[in-house]
Amino acid sequence: MTTSETPLVQVLDAAGRFAPSESAERYLPLIEKISDAELEQFYRDMVVIRAIDTQATNLQRQGQLALWPPSRGQEAAQVGSGRAARAQDTIFPSYREHAVTRIRGVDPVDIIKLMRGVSHGGWDPTDPKNGNTRLYTLVLGSQVLHATGYAMGLSFDGRSGTGDPDRDEAVIVYYGDGASSQGDVHEAMVFAASYQSPTVFFLQNNHWAISVPVSTQSRVPLVQRSAGYGIPSVRVDGNDVLASYAVSRIALDEARNGEGPRAIEAVTYRVGAHTTSDDPTKYRGSEEEESWAQRDPIARMRAFLSDRGAAEGFFAEVEAEAADAAEDLRARTVELGPPSADKMFDHVYSEPHPLIAEQKAWRVAYEASFEGGN
């Protein structure tokens, strides 16, 4: 099956007009229930996180961060899926899910701490304020195994498929087109399919695994990789926040209800570099980038909201909020100091360990032996 023959769920066209594809029909009843406030929240989420993302990129260029993985262009896929998850669901991100983590309650500065090198993890995934969001994973694809194992545990513990939508849980895991070629991802799908775990595999196909195009990675649409394991799989326009929300909401509901794993391929585009250590001009042309710029998820949603009668004051308010969020990120980033040396000992084991205590005491004594105690 070629890409052109693979159904693509789309609700808004590139110009922001309501133009559902044939494959979007089953999702329209859900989309019709979305309130005006929720639609505006989708737009707000995308605009604010883009401003934060741009600011973080600038901070890296100015020497404040060691690295930053931009998410520009992928806001709709992330906001739609992030808003589709219920509070009790668990999120397993990769390392570019800035919009998802913010929606779940993670402070963007906690991501900054990780990329600045002053934190070993970024945030506490067990703290309720972080919305069951696991840590960023820089080891390509490993989080997909973690997510599936966690979801299997939910099944074993009777925390999914009970018929109680307010209590049942599911897992959504994010990974990219490059990671979809990793063995870990395929092993996870074997287990998810075999044990019918409540896992939603959310593949953000941004077309470039660093410098390798998706056309080189796979001779068939990536959605067929998960479908090959017997996992119901959907291909969605990842630059359409309404389609992303609806497809993710249904997939999570089905997984949570005990119907087994689901998979989504969100077709989007990485507008910027893979990370700030990358130069995309070395491997792709401007024509491709300009083509995808015409399908920008934020411009598309703004056009849709404008046609529905959203006031200009709303858009101005969102822009002001985005500017404030970006400036707040900058101010708090430059104020970050070095971590305490004790941090390297604090989280080696979940419980106190005598060997770690001994090493910690040795370090203190060693440093005290120098003149001035430094």
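Here are some friendly notes on a cavity, a strand and a loop residue in this structure, which is a predicted model.

1. **The cavity.** Let's begin with empty space inside the protein. Rolling a probe the size of a water molecule over the atoms shows where empty space is left. When the whole structure is searched, one cavity of 30 Å³ or more turns up. The volume of the largest cavity is about 80 Å³.

2. **What lines the cavity.** How many residues line the largest cavity? The lining has 14 residues, and those nearest the centre are Y175, M189, L203, L222 and S226. By type, the lining splits into nine nonpolar, three polar and two charged residues. To find the lining on your screen, look for α7 (183-195), β3 (199-205), α9 (223-227) and β7 (262-267), since each of these elements supplies at least two of its residues.

3. **Strand β7, buried or exposed?** One of those elements, β7, deserves a visit of its own. Of its six residues, six are buried, leaving the strand mostly covered. The residues of β7 point in two directions: R262, I264 and A266 go one way, while A263, E265 and V267 go the other. Both sets are buried, and that includes R262 and E265.

4. **The neighbours of β7.** Which strands pair with β7? One partner is β3, which runs parallel to β7 and is joined to it by six bridges. Another is β6 (residues 233-237), also parallel to β7, with five bridges between them. Try following V267: this β7 residue is the bridge partner of N205, and V267 is also the bridge partner of D237.

5. **From β6 to β7.** Now trace the chain through helix α10 (residues 241-256). Together, β6, α10 and β7 form a β-α-β unit, and this unit is right-handed.

6. **P232, a loop residue.** Where is P232 found? Look in the loop between α9 and β6. Why does P232 count as partly exposed? Its relative accessibility is 39%, and the partly exposed class covers values that are neither under 20% (buried) nor over 50% (exposed).

7. **What P232 touches.** Setting aside neighbours within four places in sequence, P232 is in contact with P261, R262 and A263. Two residues in that list, R262 and A263, point opposite ways from β7. For a sense of scale, you can also pick out F314, 82 residues from P232 along the chain: the C-alpha atoms of P232 and F314 are separated by 39 Å.

Technical notes. Residues are numbered from 1 along each chain as its sequence is written. This is a predicted model: local features need pLDDT of at least 70, side-chain atom pairs count only at pLDDT 80 or more; totals for chains, interfaces and linings use all residues. Side-chain values use heavy atoms; hydrogens and water are left out. On a 1 Å grid over the protein atoms alone, a cavity is a set of points where a 1.4 Å probe fits but cannot get out, and a pocket is an open set with protein on both sides within 12 Å along at least five of seven lines; lining residues have an atom within 4 Å of a point. Grid points are joined across faces, edges and corners, and a volume is the space filled by probe spheres set on the points. Helices (H or I, at least four residues) and strands (E, at least two) are DSSP runs, numbered from the N terminus. Ala, Val, Leu, Ile, Met, Phe, Trp, Tyr, Cys and Pro count as nonpolar, Asp, Glu, Lys and Arg as charged, and the others, Gly among them, as polar. Buried means under 20% relative accessible area, exposed over 50%, partly exposed in between (1.4 Å probe, protein chains only). Two strands pair if DSSP finds at least two bridges between them. A crossover is right-handed if, with the strands pointing away from the viewer, the path from the first strand over the helix to the second runs clockwise. Contact means heavy atoms within 4.5 Å.
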